[in-house]
Amino acid sequence: MINSIYANELGKAYEIFDKPIDGLKEFLLRRCYHKTFWALQNVNLTLPRGASLGVVGENGAGKTTFLQLLAGTISPTCGTIERNGRTSAILELGSGFHPELSGVENIRLGCAMFGLTPSETEKRLPEIIAFSELEKFVDRPVRTYSTGMYARLAFSVSTSVNPDILVVDEALSVGDQHFQKKCIDHMMAFLEQGNTLIFCTHNLYFIQQICDQCLWLRNGQPAMLGPTMEVIEEYQDYARSRDADTESVSLQSDSVPPEGQRFGGETHLREVTLGGDCRDGAIETGQTLKIRVVARVAPAAKVEGVHVGIRICRNDKLVCYGVSTEMDNIELQPLTDNDYGVSFVVEE
């Protein structure tokens with residue numbers, strides 16, 4: 001099987017200077033004044049023709065650097081990369097466009113950069129304009145375009161040159177829903193023709209729909225490479241655990257005892273405990289969960305009525321279930337003169 005892309009121990013480093021003059025001093029004095037920052041390291045990848053690869057990771061994980069290396073717009077510091085076939089890329093929004101030229105002039109310029117002759121460009125010009133849906137604006141300078149119009153023009157030009165390899169970096173995030181669907185359909189058709197796609201986006205739904213493999217980058221290193229669903233599940237678990245850790249730190253730094261959380265004068269939560277099959281704060285699917293809430297209720301609040309609400313959330317704050325004594329017409333049971341309680345049981 002012919003490979004479209006092959007990367008071995010691919011890495012990219014940048015020299016960081018504390019002050020601009022340090023670069024000149026290093027050149028003249030032949031002494032080191034810079035720090036080395038590795039934006040990407042240790043990437044090994046083999047993509048056969050017709051494959052689709054999604055790239056996920058947090059901001060600053062090295063995704064754009066990786067795509068720039070694949071597209072050939074920057075050179076690696078170490079390792080090798082091979083591309084077999086014409087490569088087209090949509091990277092930084094608006095890159096390659098001249099702001100003072102019109103849309104149609106930038107189309108001609110972009111096609112020339114991809115190696116099309118003037119006659120080939122003129123044949124494809126109506127199709128490119130029609131796909132971008134910018135007929136009313138193609139004679140205006142692109143500096144007057146919105147970010148969404150930039151994306152339309154960039155995608156239309158990059159896909160019109162019939163590339164063998166298409167690299168897309170977050171270009172769809174600024175487009176409207178109609179154009180996003182149009183681009184997704186185009187990329188699906190592009191893959192059906194036996195071409196290769198590398199697609200980077202924070203929209204994991206698009207990754208699941210289009211890509212059969214996925215690369216997760218973390219701190220400039222490959223964290224996982226494999227089938228799309230397996231990688232996305234691991235990436236989501238990691239993101240949720242980070243959210244939970246952040247929330248835990250926030251609660252620890254700002255926490256106050258239940259007696260300090262006053263609602264309506266002396267009324268406050270006294271105790272919340274997890275029971276049933278829950279052990280050390282953990283429970284398995286299918287087991288019984290019991291949530292017991294105890295509240296101190298002031299005499300005035302007894303007259304007005306006090307209710308308890310319970311929400312069950314994932315650690316990324318998505319609410320999975322909610323219930324309240326008010327909605328279910330349940331009264332808190334008296335425990336002492338001023339303490340009232342209620343238990344909520346999930347049997348499975």
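## Charges over rings

The charged end of K12 sits over the ring of Y14, and the gap to the ring's centre is 5.4 Å. R30 does something similar with F27: R30 lies over the face of that ring, at 5.0 Å from the ring centre. Keep in mind that this is a predicted model.

## The chain as a whole

Stepping back, the protein chain has 9 helices and 15 strands. Of its 348 residues, 39% are buried. Take the contacts between residues at least 6 apart in sequence: 64% of them join residues at least 24 apart. About 19,900 Å² of the chain is exposed, with carbon and sulfur atoms supplying 51% of that area.

## A helix tucked inside

How many of the 9 residues of helix 2 are buried? The count is 8, so this helix (residues 63–71) is largely enclosed by the rest of the structure. The buried ones include F66, L67, L69 and L70, and K63 and Q68 are on the list too. Right after helix 2 comes G72, with a positive phi near 85°.

## Rings in pairs

Now for the aromatic rings, which form 6 pairs. In one of them, Y205 and F206 have ring centres 6.2 Å apart and planes at 50°, so the pair is tilted. F206 is buried, at 12% relative accessible area.

Y321 and F344 also pair up: their centres are 6.2 Å apart, but the planes are at 15°, so this pair is stacked. It links distant parts of the chain, as Y321 is in strand 13 and F344 in strand 15, 23 residues apart. Y321 is partly exposed at 43% relative accessibility, whereas F344 is buried at 17%. Elsewhere, ring pairs join W216, Y235 and Y238 into a cluster.

Terms used: Residues numbered from 1 in each chain as written. Predicted model: local features only at pLDDT ≥ 70, side-chain atom pairs only at ≥ 80, totals over all residues. Heavy atoms only, no water. Buried < 20%, exposed > 50% of the residue type's maximum accessible area, 1.4 Å probe, protein only. Helix = DSSP H or I, 4+ residues; strand = E, 2+ residues; numbered from the N terminus. Contact = heavy atoms within 4.5 Å. Areas by Shrake-Rupley, 256 points an atom, 1.4 Å probe, with all protein chains shown as cover. Phe/Tyr/Trp six-rings, centres within 6.5 Å; stacked < 30°, edge-to-face > 60°. Lys NZ or Arg CZ within 6 Å of the ring centre and 35° of its normal.
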